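Biologist: Before we discuss any labels, please show me the model and its sequence.

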Amino acid sequence: MNQPDLKVTLGPLELKNPVIAASGTFGYGQEYAPLVDPNLLGGIVVKGLSLKPRPGNRPPRIVETPAGMLNAIGLANIGVEAFLREKLPWLRSLDTAVMVNIYGHSLEEYGEVAAALRGAEGVAALEVNISCPNVDRGGMVFGTDPAVSAAVTETVLKNMDKPVIVKLTPNVTDICAVARAVENAGAHALSLINTLTGMVIDTKTGRPVLANVSGGLSGPAIRPVALHMVYRVVRAVKIPVIGIGGIMEPDDALQFLMAGAGAVQVGTGNFANPRATLEILEGIGKYCAEKGILRIGDLTGGLNE
Amino acid sequence: MELESPSIASAAKPGQFVMLRVSESSDPLLRRPFSVCSTRDGAILLLLYRVVGKGTRIMAGTKAGSLLSVLGPLGRGFEAPGAGEACLFVAGGMGIAPLAFLARSLGERHISFKAGYGTAAEIIAPELMGMKGIEIALATDDGSAGYHGPVTGLLEKGLGGESRKIVYSCGPLPMLRKVADRCLEKGVACQVSLESAMACGLGACQGCAVKAGPGEERAYLHVCGDGPVFDASAIDWGGE
């Protein structure tokens, strides 16, 4: 039996395989290194960075929900300067694509974070989180408005010399409209979905469990929603799409690839099973070998309709 | 629950914890953090739990001989007492787990051990936790055994006297707050083991943040990696 070729091409970005660790669930890579050899992964998206360090939200920050969890970490991070100084040297030594997730609270901040990472050796791509509130627009989330999403994309592209992936929020009326706007603005790829907004109330105290009231829902609970959004966006744009949302097992990842995703990210799955990424990778390889699929690219979009 | 894992049992230090996946199902999704209560023969781990929700219900129904996924040992454990220090242990409910492990590791050393429970029926026999020859002063909220009232009611006497002391404590937050406040006021060294909701246990998710005390560089500390054992002065006890 021929070993399938697992290499994937996402526009200008080449990955050795389609399994990527998702932002915010894999720290800066080192946290999982005792359990997962990062060199085996297609890529790692590191914890979202802002210009300055941010302490994050008051606890409680997480709560488990049926087949999922809500988080309101509050984008706690060490800031881009400390990342370049303390984290990137180790990440650079890895044989995997290191993608840096960034966010801002104003267009200007997005541009500044991107500029700080411009030319940084060892950064393969940026992933832009547009699911945060815009302080210049009364806290409206950037990614809910196609024109604003496009403006963020243009700003980041202007300040960056590497491929730019824009991570879409599902908390919108029409995710395809945002996807097309971001594509027209020049993004090299899309990743979706970010978390769905939700809340849990503790009826004993009558208070929301999360100090932040609401949080982002992730895990298997959101998988069918995510899969359908990927399916729709793949048909709305020409740029590559990375599928995210409750991927725990090889079969979950295969569903996203069949729907048309060029690669997948594993997020919350890492919490339940720290070795989820590697097990998924192995399972995809096995599936391809059994089906006689020689290139992983042949699987992408291979949906019988 | 007893688990056979030579690698974890031989490496675990008092105060450290493990992340247990109670089932392969995705509901409940997350692993549960448990302090190691005791180890035996370098191979067996004892975890203490009470059925409070979905995860612990599944644990209670787990058959002997089942294979479970356990990650550990994780986190920073207790620091051993100084040579001349008198040891005072204050446990609330299931918070006795890491203290039992620490007590056992101190061998023949004298420990003044106070344990509080809701009611007599909840009391866990010391022998079950591998503790022999350690006398435990009990307190119950309903007065059904020992002192009638919170275990912190037994604290004051223990904090008196001239000898240099160290307090080790684990239990519900309001109890720990009281213990920490009293120790900080009296200038008595105090180490607490904190509990928190936690997704990864590895320092990646930052879900288990606690507000740091005024002397700390960072605004929040993480129970999984900076703790679960903290010096009482490292925590902001006014915060949530």
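**Labels and the values behind them**

Modeller: In this predicted model, Val264(A) touches Pro18(A), Val19(A), Ile20(A), Ile242(A), Gly243(A), Ile244(A), Ile247(A), Ala253(A), Phe256(A) and Leu257(A), leaving aside residues up to four places away in sequence.

Biologist: What makes Val264(A) stand out in the largest nonpolar core?

Modeller: The number of other members touched. That core has 173 residues, and Val264(A) is among those that touch the most other members, together with Leu126(A), Leu190(A), Val230(A) and Ile242(A).

Biologist: Why is Ala67(A) called partly exposed?

Modeller: Ala67(A) has 18 other C-beta atoms within 10 Å. Buried needs 20 or more and exposed needs 12 or fewer, so a count in between is called partly exposed. Ala67(A) sits in the loop between strands E5 (62-65) and E6 (68-71) of chain A, and its phi is positive, about 50°, although it is not a glycine.

Biologist: How do you know whether Asp41(B) is buried or exposed?

Modeller: By the same kind of count. Asp41(B) has 9 other C-beta atoms within 10 Å. The limit for exposed is 12 or fewer, so Asp41(B) is exposed. This residue also has a positive phi, about 55°, without being a glycine, and lies in the loop between E3 and strand E4 (44-47) of chain B.

Biologist: Why remark on the sign of phi or on a cis bond?

Modeller: Because most residues other than glycine have a negative phi, and most peptide bonds are trans. Two cis bonds can be pointed out here. One joins Leu192(A) and Ile193(A), with omega about 15°; Ile193(A) is in the loop between strands E12 (189-192) and E13 (196-198) of chain A. The other runs from Asp27(B) to Pro28(B), with omega near 10°, and Pro28(B) is in the loop between strands E2 (17-21) and E3 (32-40) of chain B.

Biologist: What makes the sheet of chain A a barrel?

Modeller: Its 8 strands close up, in the order E3-E4-E7-E8-E11-E12-E17-E18, with parallel pairing. On average, neighbouring strands are turned by 25° against each other, direction ignored. Helix H6 (residues 250-259) of chain A packs on this sheet, touching E3, E17 (241-244) and E18 (263-266), and its direction makes about 145° with that of E18(A).

Biologist: How do you know that E3(A) and E4(A) pair?

Modeller: There are 2 bridges between E3 (residues 19-21) and E4(A), which run parallel. At least two are needed, so the strands count as paired. Within E4(A), Ile44(A) is the residue opposite Ala21(A).

Biologist: And in chain B, how many bridges join E7(B) to E8(B)?

Modeller: E7 (residues 111-117) and E8 (residues 136-140) of chain B are joined by 5 bridges and run parallel. Gly116(B) stands opposite Ala139(B).

Biologist: What is the handedness of the crossing of H6(A) and H8(A)?

Modeller: Right-handed. The axes of H6(A) and H8 (residues 276-291) of chain A come within 8 Å and cross at roughly 65°. In H6(A), Pro250(A), Ala253(A) and Leu254(A) meet Ile280(A), Gly283(A), Ile284(A) and Tyr287(A) of H8(A). These residues divide into 6 nonpolar, 1 polar and no charged.

Biologist: How many residues of chain B are in contact with chain A?

Modeller: 22 residues of chain B, which meet 29 of chain A. The chain B side divides into 14 nonpolar, 4 polar and 4 charged.

Technical notes:
Residues numbered from 1 in each chain as written. Chains lettered and ligands numbered in written order. Predicted model: local features only at pLDDT ≥ 70, side-chain atom pairs only at ≥ 80, totals over all residues. Contact = placed C-beta atoms within 7 Å. Nonpolar A, V, L, I, M, F, W, Y, C, P; charged D, E, K, R; others polar. Core = buried A, V, L, I, M, F, W, Y, C linked by C-beta atoms within 7 Å. Helix = DSSP H or I, 4+ residues; strand = E, 2+ residues; numbered from the N terminus. Axes fitted to C-alpha atoms, helices over the stretch in contact; angles between N-to-C directions. Left-handed = near helix turned anticlockwise from the far one by under 90°.
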